[in-house]
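Dear colleague,

I am handing over the structure we spoke about, and below it you will find my notes on what turned up in it. Please read them with the coordinates open.

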Amino acid sequence: RNLERITPPWLRFRILEAPAELGVGARLRYRLSLFGIPIRWRTEIVEWTPPRGFVDVQRRGPFLLWEHTHRLTPVAGGTEIYDHVRYRLFLGPLGGLVRRLLVRGWVEGIFDYRAEAVLSELPAPAEPLRRTG
């Protein structure tokens with residue numbers, strides 16, 4: 001449910017449907033807007049390995065392929081969040097050019113925004129414990 005809070009407001013992102021509990025096979029429906037054009041998106045969780053991560057794939061939406069791997073790794077003082085996205089556009093050979101000129105920057109901007117939003121939403125890490133004597 002925090003996905004709306006960590007997505008840039010200019011996308012007007014809304015979750016329309018999500019199960020009470022996530023797991024393999026869970027399907028989610030979203031709505032967003034890009035340049036005023038409404039976009040509907042459906043994803044499905046295809047791998048679920050809490051607390052280490054999960055993978056979701058687009059089942060219907062603006063991409064020919066969208067596979068998003070979320071990996072969470074414990075590190076000193078917190079958790080490292082790693083996102084890897086594979087995507088392909090519908091535009092055939094022209095898609096590569098559009099991806100390089102436009103889409104890659106948008107996708108990177110969204111994830112840069114999310115990285116900052118996650119940091120601002122989480123409490124500051126506690127001071128590490130120090131042993132004395």
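Arg12 sits in the segment before strand 1, and its phi is near 50 degrees, a positive value in a residue other than glycine. Please keep in mind here, as throughout, that this is a predicted model. With a relative accessibility of 58%, Arg12 counts as exposed, because the cut-off for that class is over 50%.

A second backbone feature concerns two prolines: the peptide bond that runs from Pro50 to Pro51 is cis, with omega near 0 degrees. Pro51 itself belongs to the loop between strand 3 and strand 4, the latter covering residues 53-60.

Turning to the side chains, the structure holds 4 salt bridges, and I describe several of them below. As a general matter, side chains of opposite charge can pair when their charged atoms come close.

One of these salt bridges is formed by the side chains of Arg29 and Glu17, at 3.0 Å from N to O. The pair links distant parts of the chain, since Arg29 lies in strand 2 (residues 27-34) and Glu17 in strand 1 (residues 14-17), 12 residues apart. Both partners are partly exposed, Arg29 with a relative accessible area of 26% and Glu17 with one of 44%.

Glu44 and Arg27 also meet through their side chains in a salt bridge, again with an N to O distance of 3.0 Å. This pair, too, links distant parts of the chain, with Glu44 in strand 3 (residues 37-49) and Arg27 in strand 2, 17 residues apart. Here the partners fall into separate classes: Glu44 is buried, with a relative accessible area of 13%, whereas Arg27 is partly exposed at 48%.

A further salt bridge joins the side chains of Arg86 and Glu67, at 3.5 Å from N to O. Arg86 is in strand 6 (residues 78-88) and Glu67 in strand 5 (residues 65-75), so that the pair links distant parts of the chain, 19 residues apart. Arg86 is partly exposed, with a relative accessible area of 40%, and Glu67 is likewise partly exposed, with a value of 25%.

Finally, salt bridges that share partners join Arg27, Glu44 and Arg59 into one network, so when you look at the pair of Glu44 and Arg27, please consider Arg59 together with it.

With best regards

Notes. Residues are numbered from 1 along each chain as its sequence is written. This is a predicted model: local features need pLDDT of at least 70, side-chain atom pairs count only at pLDDT 80 or more; totals for chains, interfaces and linings use all residues. Side-chain values use heavy atoms; hydrogens and water are left out. Helices (H or I, at least four residues) and strands (E, at least two) are DSSP runs, numbered from the N terminus. Buried means under 20% relative accessible area, exposed over 50%, partly exposed in between (1.4 Å probe, protein chains only).
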